[in-house]
Amino acid sequence: MSRIIRRFLQFLTGLAALALLGFGGLIVAYIALAPTLPSVEEVRNVELQVPLRVYTADGQLIDEFGEMWRTPVELEAVPDTLKQAFIAAEDRRYREHPGVDYQGLTRAVWYLVRTGEKGPGGSTITMQLARNLFLTSERTYLRKLREIFLALRIERQLDKDTILELYLNKIYLGQRAYGVAAAADVYYGRPLAELTLAQQAMIAGLPKAPSAWNPIADAERARERRAYVLERMLDTGYIDQARYDLAMAAPLTAERHRREREASAPYVAEMARDWATDRYGREEAYTGGYQVFTTMTAERQADARKAVRRGLHEYDERHGYRGPLDRLDVPALDEEAEPLFERLSEYPSPGALEVGYVSGVGEQSATILTATGQTIELSWSGMRWAREQLGRNAMGPNPETADDILSEGDVVYLRQAGGDWRLAQVPEPQAGLVSLSPQDGRIEAIVGGYDFSLSKFNRALQAERQPGSAFKPLVYSAALENGLTPATLINDSPVVFADVSLEDVWRPENYSGRVFGPTRLREALINSRNLVSIRVLRQIGVQDAIRHIEKLGIPGDQLPRNLSLALGSGEVTPVELAGAYTAFANGGYGVTPYFIDRVVENGEGVIYRAYPDRAISASEMAPARPSEVGPQRPDARPAERVIDERTAWQMRSMLQDVVREGTGRSALQLGRADLAGKTGTTNDQQDAWFSGFGGDLVTTAWVGFDELQTLGRYETGGRAALPVWIHFMGAALKGRPETEWSRPAGLVTVRIDPETGQRTDSDDEQAIFETFREENLPKRDTEVDEEDVSDGRSVGDGTPIF
């Protein structure tokens, strides 16, 4: 009763104030408040807060960012019954009043006096729009007065359909959904056109109290509110009795729906979000309706993610089993027992791992119940790898039976590999992979770690690590630019350097610990000879080498000014190293890696488009594919030449031999002749790399721990990182033609003595072919026979030269 009296006194106070004002007072109030009200033009041009959305190059949604979920729609796209439901529930005289429904205000005041509670009819759709667009939600008479004046102004200059369209796009409907299209997506996971009448009524009942009447938060109150909307629609004649009865009987089907992500690429989404907030500011980026189209494709991203996870699991299995995730004492399940799958669902499932409970153990198999309700028979082949891990380089004996590995009650991880289930665990190290087009630097796939939910640090983009021998091709290309040749002999023998900073000496060694004497550059790169690389760098000079490497895109301030540079002691990111390798793949041009293709602003079209440098004259490159990379840019700028095209050809040839004969031999399993690349391993196997190219992709893979520690004995680039590269390139290049690099003019192929690097007679059985720049042909004492010199088409007996 006291509340009714209080409400009544408030009403009398307001009434007295209006009486004192009178008509003239209202005019004075309007004159005073009018300058503070927004113009109708501002209302017409109001920018609806639309979240940032990130897409793949082929138009699949990756993610969206912003506090408000909104999808603006035109009024024609809203079903008639949904519009009618809002009008029936919120403002049944909407088409008749001038913005303020005086009859409705009278009914609302009388309802307040009778019940002490706020009732229907007090605020029109136009008044709600005015309040939502420009006014605060404070409950004062002054605010209400401003709301009335603004509603009248809006109605004088905008038609009813325009007002209704703004309202249906602006109104808050709970669960962070603003506007009817967002609400349909959030509550029902479907577009407006597919909503049933019952679902439309549910949404139309939300504006007055989106939290209290929310079907997810309170189903019973939501059902009552839906019934109210349907009754109003029946009373106003919008629906007949049959449709009313059918909708009233419909079950509640609302549940929380996350906007469907069509492509899984969280590292890409974060890169795009960071780029957009830097460019447009955080608030503007999250509300301006920007659609950011990246250069990555959904298929390539999936290939890269699978390759990284597969490679890390293969590494993890080589280092033993760390035991179950947990142990549960689960009694026989009955009606009172907590369902097992509910307990299992509490454990995280990173990557593509499945949580399971070991319910039975046989001699060489186990029965596992998963969190999703599956019963899996884990075979011996899926668990026999699980020797006990004793340390990074030590494991227990090989298991002989399943109970050497598992016990009933264990909670374990499983993964699928080749259609079979395997016992698994979250890998200890991390990995990064980036793949880009050498033609213009467009990044086509990037994965920054095993799982974004475990770590948001993007190792492919942000991890600065020593590349080891994967850096040597950059030094060797500097050597070729400075007059050395693939046949130049460099002595592979011990060297000792004084290290002033350490007050000690530096005694670098080859990985094998052996030395091999005079060695040709090609052979040294194939076998990754450290001592040769150091002597090469000393011969060309550290400063000259750094200037050359900077042209390839590696910042010089990251590089040491000493001979350790030859062994990859400077720190680079996988993206930077891949970018440097593009010059070898595209004929000597410098391109800059990029990942944003274009930005489309809501209602404004394309407002940003990448304008990359492109190796246009590299005609041997496979053409870009419009369906994957967005619209082509015929006006793209020609990329700057950073190394001689002959140097690029020679480096490709040498790096192909690394794959054919050297540390990259495992890549031969892909059955392609156009693969080239280089492994990299740092001290104590702390970092493992493979960077290379083939087809129309340059790809770099890195494996290591975030905190520097050894990956383990024998975990070199060829063993830990190269498999990741192979898994990705095998999938990405499947069905793609091999690249044929045309041989530039100015190169000559001759027979040489592999021991001396000098030209030799054609009848020498030990002779091999090597390709030189014309001005760098090695000397010999006798005249060269014509058949010993090749233009690259054939030599002697017609054997092709590559």
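Contact is taken here to mean heavy atoms within 4.5 Å, and axes are lines fitted to C-alpha atoms, for helices over the stretch in contact, with angles running from 0 to 180 degrees between N-to-C directions. Helices (H or I, at least four residues) and strands (E, at least two) are DSSP runs, numbered from the N terminus. The model is predicted, so local features need pLDDT of at least 70 and side-chain atom pairs count only at pLDDT 80 or more, while totals for chains, interfaces and linings use all residues. Residues are numbered from 1 along each chain as its sequence is written, and side-chain values use heavy atoms, with hydrogens and water left out.

A good place to start is the open sheet, where five strands follow the order β13-β12-β26-β25-β24 with antiparallel pairing (two strands pair if DSSP finds at least two bridges between them). Because β13 and β24 stand at the edges with a single partner strand each, one side of each is left without a neighbour in the sheet. On average, neighbouring strands of this sheet are turned by 5° against each other, direction ignored. Six bridges join β24 and β25 in the antiparallel sense, and Thr681 has Ala688 of β25 as its bridge partner.

Two helices lie across these strands. Helix α21 crosses β12, β13, β24, β25 and β26, running at about 35° to β25. Helix α24 also lies across β12, β13, β24, β25 and β26, and runs at about 145° to β26. Spanning residues 717-732, α24 bends by about 30° at Pro723 (the angle between axes fitted to the seven residues ending there and the seven starting there). Of its 16 residues, 12 are buried, so α24 is largely enclosed by the rest of the structure; buried means under 20% relative accessible area, exposed over 50% and partly exposed in between, with a 1.4 Å probe and protein chains only. Among the buried residues of α24 are Pro723, Trp725, His727 and Phe728.

Turning to the interior, the largest nonpolar core has 80 residues (a set of buried Ala, Val, Leu, Ile, Met, Phe, Trp, Tyr and Cys residues joined through side-chain atoms within 4.5 Å). Helix α21, residues 574-585, gives the most to this core, with eight residues. Apart from it lies another core, of 53 residues, which includes Trp69 and Trp213.

Finally, strand β27 (residues 747-752) has six of its six residues buried. It pairs with β28 (residues 768-773) in the antiparallel sense over six bridges, and Val748 has Phe772 of β28 as its bridge partner.
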